[in-house]
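Here is a short briefing on pockets and aromatic rings. Keep the sequence and the 3D view open as you read.

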Amino acid sequence: MIIQSTQVWINDAFQPGQLEIAGGRIEAVLPYGEKPVDQDYQDQWILPGFIDIHTHGWNRCDAGKPTVEAMLRWQKHMPKEGVTSFLSTTATQSAAANEAALPILKEAIEAQAAGAEILGINMEGNFISHQFHGAQDLYTIVKPDSQQLLHYQNLAGGHILTVTCAVEFDEDYAFVKTAVAHGIRVSCGHSGASFDQVREAARCGATGITHCGNGMRPFHHRNPGIFGAALNLKELYAEVIGDGVHVHFETVHLIGTMKGAEKLILVTDSADCKDDPDYAQFAHEGAFRLPDGTLFGSALYVNQGIDHLHRQARLPLVTAIRAATINPALYLGLDGRKGTLEAGKDADIVVCDEHIALQAVYCRGQLQSISE
């Protein structure tokens, strides 16, 4: 199959071109009009498929309490956001609940059913701070425990790719070092860590900041803390929830400007209540709040988030697009097959207009249903 457009995102810019697709991969990137096409998208934008590395669920599909049937529904939904691959993300819950969930997530990952690809698992809990727990379960938080993490990784079949940690409780940064040694990326978050503690964690191998601006000690001019570290340490990727509720768009502008086009990652942090009509009463301005006002997840679609980063947060288009494509792929070490439109990579493709309204989505070369 060959598709083409005058606006194909190649080398961080729009260029006329064709994509030749075979066996679920991009076989070749060709000059516009080079060969007869199966689908001419004219001047619609053709972008790499979007990647959401921090999403807990959707419409009663919960990564923390998964069923195979729910995971299948979730995978089929994700292309409606332009998402062609994602990390199923668990939150803080009991050890027994984690032990029940991880083998099911492993089964779903290895089955690789139709729809968006589940790349692996992101464990946002349980190794976080009581003081900055947000909406996470206060009573099942534990100190960073390397052996517990490795136990979970064994149950997950090696599919845990990232873990959040409150590094101020990680003695001698043993948790960070162990995770990194076993191929798990460490993201600092739900934390009151100081600037120096985050800097030392980065020296020991931590590479990310979980939903920057949320679940952390606020910035102070005499105590920059984890937020200041997120902005100033160039080696750290910073997640941002692009709904304008979790983080004000002017703050998103600051984060994105400081991190630049290379280190910002757009995430939804969506919960299983997203698009669930039973939770409509908890939705306010595109996010969900507990009765006390605590945020507990966004209703954001990733394609909306990209448009928000560019138009509402006033970030360059290249920054907004990279935040949902190549940057998460680089962070996960999967840029060899995800994140850009290049020969040899998976044919994960989004066709959209200039507001990122979806026209077509391909997951590994398969055209997806994106209608409601």
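Which residues lie nearest the centre of the largest pocket? They are A91, A135, Q136, A271 and F296. Bear in mind that this is a predicted model. The points below take the pockets first, then the ring pairs.

**The largest pocket**

- The volume of the largest pocket is about 720 Å³.
- Its lining is made up of 31 residues.
- Two elements each give two or more residues to that lining: β9 (83-90) and β18 (295-298).
- Of the elements, β18 gives the most, with 3 residues.
- Sorted by class, the lining has 16 polar, 9 nonpolar and 6 charged residues.

**The second largest pocket**

- The second largest pocket has a volume of about 160 Å³.
- Several of its lining residues come from the start of the numbering, including W9, I10, N11 and D12.
- P48 also lines this pocket.
- Others carry high numbers, among them R322, T325, I326, G339, T340, L341 and E342.
- By class, this lining divides into 5 nonpolar, 4 polar and 3 charged residues.

**Aromatic pairs**

- How many aromatic pairs does the model hold? The count comes to 9.
- One of them joins W9 and F14, with 4.8 Å from centre to centre.
- The planes of W9 and F14 stand 70° apart, and the pair is edge-to-face. It earns that label because the angle is over 60 degrees.
- Is W9 buried or exposed? W9 is buried, at 7% relative accessibility. The cut-off for buried is under 20%, so W9 qualifies.
- Its partner F14 has a relative accessible area of 23%, so F14 counts as partly exposed.
- W9 has a second role here, as it also lines the second largest pocket.

**A second pair and a ring cluster**

- Y279 and F282 form another aromatic pair, 5.7 Å from centre to centre.
- Here the planes are 40° apart, and the pair is tilted.
- Y279 is partly exposed, at 31% relative accessibility.
- F282 is partly exposed too, with a relative accessible area of 24%.
- Which residues join in a cluster through ring pairs? They are Y279, F282, F288 and F296.
- F296 ties two topics together: it belongs to this ring cluster, and it is among the residues nearest the centre of the largest pocket.

Notes
Residues are numbered from 1 along each chain as its sequence is written. This is a predicted model: local features need pLDDT of at least 70, side-chain atom pairs count only at pLDDT 80 or more; totals for chains, interfaces and linings use all residues. Side-chain values use heavy atoms; hydrogens and water are left out. On a 1 Å grid over the protein atoms alone, a cavity is a set of points where a 1.4 Å probe fits but cannot get out, and a pocket is an open set with protein on both sides within 12 Å along at least five of seven lines; lining residues have an atom within 4 Å of a point. Grid points are joined across faces, edges and corners, and a volume is the space filled by probe spheres set on the points. Helices (H or I, at least four residues) and strands (E, at least two) are DSSP runs, numbered from the N terminus. Ala, Val, Leu, Ile, Met, Phe, Trp, Tyr, Cys and Pro count as nonpolar, Asp, Glu, Lys and Arg as charged, and the others, Gly among them, as polar. Rings of Phe, Tyr and Trp (its six-membered ring) pair if their centres lie within 6.5 Å; planes under 30 degrees apart count as stacked, over 60 as edge-to-face and the rest as tilted. Buried means under 20% relative accessible area, exposed over 50%, partly exposed in between (1.4 Å probe, protein chains only).
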